[in-house]
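Dear colleague,

Please find below the structure that I am handing over to you. An account of the findings follows it.

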Amino acid sequence: MTDRSRRLWGVVSILLIIVLVLAAVGAWLVRRSFPTVDGRAIVAPLNASVDVVRDAYGMVHITASSTTDAYRALGYVHAQDRLWQMELIRRVGMGRLAEAVGAAGIPVDRLLRTIGLWEVAVRTEGILDAETRDALTAYAEGVNAHINSTKGRRPLEFDLLGLEPEPWTVRHSLLVSRLMAWELDYSRWMDVTLGVLVERFGLERAMELFPSWPGDAPLIVPAQERKARALGFREFLDAEQAARRVLGWSSLGHGSNSWVVAGSRTRSGKPILANDPHLMLMTPGRFHESHLTAPGLEVSGLCIPGVPFVIIGRNRAIAWGLTNAMMDDHDFYVERVDDPVHPTRYEVDGSWRPLSVREDTIVVRDGDPIVLTIYATHRGPVVNRIEAAAKFSRELLSMRWSGHEPSNDGRAFFMLNRATSWSEFRSALEHLAAPAQNIIYADTAGNIGVQTSGRLPIRPEGHAWLPSAGWLSASDWDGFIPTSSLPFSYNPRQGYIVTANNKIIGDEFPYHISHIWEPSWRAERLHEVLRGDSLITVEDMVRLQLDVLSPLARRVAPLIVSSVPESSASNTERRALVYLRSWDHRLQESSPAASIFEATYNRLVTETLADELGPDLLSVYDTLASMPLTTVERLLHRPASPWFDDVRTPAVESRDDIIRRAFSAAVLELSDRLGPEVRTWSWDRIHTVTFEHAFGADPRLALIFNNGPFPVRGSHSTVSVGYYTLTQPYRMTVGPSTRQVYDLSDVNRTRSVLPPGQSGQAFHEHYDDQIPLWLSGGSRIVPMDPARVERTVTRRLRLEPER
């Protein structure tokens with residue numbers, strides 16, 4: 001070897017060593033925060049040792065000699081796996097995001113400080129019963145034990161921002177649950193969007209875009225007040241949209257499926273319960289899976305990181321699941337004030353009351369602090385003064401929400417985790433105020449049921465979608481409907497119960513619950529399958545969670561085919577019609593017809609509405625889950641509806657004209673995107689999901705923190721949901737955040753999958769290991785009996801008190 005060659009190899013060797021050293025240092029920096037899951041660890045607050053074992057997917061089984069230590073251990077484990085997620089949630093809820101991320105967090109802080117969720121948490125702490133307070137305190141002690149024992153070894157997100165976590169408190173746990181209640185609230189966003197649509201189109205035409213709203217719904221404020229009311233909504237809309245963009249809350253598609261089949265309809269002779277909550281698909285996921293065993297407590301299921309109770313799950317006697325009740329628990333009020341610039345009083349029944357005025361300061365990282373003035377009436381905060389650019393007006397818009405009332409929701413789940421009967425189950429739910437839910441039930445004695453929970457306002461003047469006259473006390477709520485008076489069903493004759501965000505009860509119910517429900521598509525399909533004669537098995541329930549037959553497509557695809565004459569169609573369009581004509585209406589990954597239908601229907605919605613709404617208002621309307629799709633489905637029954645006329649052209653278009661235009665545009669779109677061969681237009685080539693991390697919007701960090709994209713099945717109208725928005729077509733954002741099936745004949749046969757994984761730490765083995773299971777429709781079997789648990793153990797940690 002020549003001297004030159006030796007020098008070259010020397011340089012290469014040095015560079016290789018540098019690369020290896022850098023890789024080793026990088027791996028150490030990333031892995032140093034990974035939790036200790038084997039051996040022993042000191043957790044100072046414990047009274048006695050606690051065993052924490054994990055299975056191959058990181059599922060946690062905790063065995064303690066007291067419930068207090070069990071909750072301490074759970075807090076410790078949640079901090080091990082999800083400390084950054086917990087930190088982010090509490091900063092968002094407190095309105096302290098800008099303090100960590102800079103100016104990008106200001107819209108979130110403005111909104112959340114005005115809404116005042118932190119103040120609700122502070123007031124709620126004062127009404128806690130001793131048992132719930134003790135559980136929350138023990139949990140916080142466990143979280144803080146982990147924080148204190150891992151200084152200098154924080155998850156990667158803390159290092160990137162240069163942050164240190166503050167101590168966890170009882171108030172933070174209360175805040176976590178109230179923030180989720182705010183996120184899941186449909187009624188607020190529906191009212192806001194309707195108000196803006198009324199401003200553009202007037203009441204009558206705006207009502208056509210909210211097809212669930214009956215024409216005789218009462219209006220409290222006279223017609224001359226409508227424009228002023230809608231303007232107040234515009235200011236609030238701008239503020240909330242700014243916050244939602246930062247938080248990645250792109251859609252209100254937060255529905256769920258849950259159903260239960262009685263033992264008389266199952267092969268085992270015992271009930272089977274299924275639940276798959278539809279939430280924003282994020283990294284890390286919304287839930288953490290745990291099994292707690294202690295004297296007086298054994299419960300297995302899903303917790304929200306930051307809260308010590310199982311929200312969806314089972315014990316040895318009962319199982320339960322959740323769906324959004326879609327309850328209308330929000331109202332807005334136009335408030336007349338004494339001064340448009342610096343109001344201090346507002347009018348009620350001809351008299352002036354003092355307006356609550358509070359100055360707050362938002363700390364901004366690398367920026368000047370921002371002073372925020374927060375106004376409130378006796379009903380709640382004023383929401384059209386949030387953004388600095390908000391217009392001055394003598395009419396302010398205040399908001400009342402049942403979630404602003406302190407409520408001991410933690411008590412509900414404390415009791416539910418221990419309930420052994422229908423009566424104990426219902427007693428527990430008397431404490432659950434927000435978010436309003438339909439809680440589905442099954443027990444080992446063979447009973448099934450469902451109970452609606454939440455605080456449903458009593459409105460003496462009746463329900464009003466648009467803001468009420470704040471200057472009249474008659475507009476105020478008069479308390480809440482007792483939980484015992486809310487709808488429920490117990491052991492119905494049909495032998496099963498379905499909840500899919502559909503209408504809860506008929507119009508004979510004496511109180512207004514809501515006029516807005518998710519479309520009937522999922523509920524329709526579930527009833528269709530479950531009303532059959534065959535005895536149901538766990539495997540049947542798992543398959544039903546994966547069902548992709550679309551009732552919407554079954555009704556609309558034939559109309560598309562009949563509206564497009566082959567004589568004037570291009571060759572590619574004729575081939576596409578052949579696929580649609582022979583389609584089984586299933587949104588399978590391999591289906592070209594699924595792509596053709598979805599692309600056509602998306603175009604049909606935009607071709608019908610975009611000319612009147614314009615891009616800005618259409619993008620707002622598009623956030624209302626499936627509302628645009630439902631509206632157009634109903635308009636299809638009115639071929640001459642003015643909505644089909646394109647106001648940009650001199651002609652008067654009909655329904656069939658718009659269908660033909662939408663179909664041609666869809667075929668052209670798919671040809672450009674996927675090529676000329678229709679047989680290759682499979683749905684999975686365009687319908688994808690990415691589990692996005694809070695840092696994933698930065699392209700430099702997306703490869704580290706995001707998971708995806710992955711091809712997926714389903715759509716808005718299938719049991720296996722795959723929501724996406726019109727503005728970002730086919731990019732699934734909302735879907736099954738978990739799939740759970742509980743067999744009441746066997747505590748060792750729970751079926752579970754929790755994407756993307758149990759850990760929230762990038763590069764950890766459990767960060768994304770459940771995505772393949774979730775994509776393929778697979779699941780894990782979760783046992784409860786100690787001997788069966790022991791067979792699954794791959795990691796064993798003993799937590800010990802400080803001696």
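A cavity, on a 1 Å grid over the protein atoms alone, is a set of points where a 1.4 Å probe fits but cannot get out, and its lining residues have an atom within 4 Å of a point. Grid points are joined across faces, edges and corners, and a volume is the space filled by probe spheres set on the points. The model is a predicted one, in which local features need pLDDT of at least 70 and side-chain atom pairs count only at pLDDT 80 or more, while totals for chains, interfaces and linings use all residues. Residues are numbered from 1 along each chain as its sequence is written, and side-chain values use heavy atoms, with hydrogens and water left out.

The structure holds 12 cavities of 30 Å³ or more, and the largest has a volume of about 440 Å³. Its lining consists of 35 residues, with Met-180, Ile-304, Ile-311, Phe-413 and Pro-435 nearest the centre. Helix H8 (170-183) is among the elements that give two or more residues to this lining, and H8 supplies the largest share, 5 residues. Helices (H or I, at least four residues) and strands (E, at least two) are DSSP runs, numbered from the N terminus.

Turning to the interior, the largest nonpolar core has 193 residues, of which Phe-210, Phe-597, Tyr-601, Leu-613 and Leu-799 touch the most other members. Such a core is a set of buried Ala, Val, Leu, Ile, Met, Phe, Trp, Tyr and Cys residues joined through side-chain atoms within 4.5 Å; buried means under 20% relative accessible area (1.4 Å probe, protein chains only). Helix H18 (residues 592-621) contributes the largest share of this core, 14 residues. Another core, of 17 residues, lies apart from it and includes Ala-274, Val-498, Ala-523 and Leu-526.

Helix H14 (residues 521-530) has among its buried residues Trp-521, Ala-523 and Leu-526. The cover over the buried residues of H14 includes strand E5 (272-280), strand E22 (496-499) and helix H16 (551-563).

Finally, there is an open sheet of 3 strands in the order E24-E23-E25, with mixed pairing. Strand E24 (707-711) and strand E25 (731-732) are at the edges with a single partner strand each, so one side of each has no neighbour in the sheet. Two strands pair if DSSP finds at least two bridges between them. Strand E23 (residues 688-691) pairs with E24 in the antiparallel sense over 3 bridges, and Val-689 stands opposite Phe-710 in E24.

With kind regards

Notes: Buried means under 20% relative accessible area, exposed over 50%, partly exposed in between (1.4 Å probe, protein chains only). Contact means heavy atoms within 4.5 Å. On a 1 Å grid over the protein atoms alone, a cavity is a set of points where a 1.4 Å probe fits but cannot get out, and a pocket is an open set with protein on both sides within 12 Å along at least five of seven lines; lining residues have an atom within 4 Å of a point.
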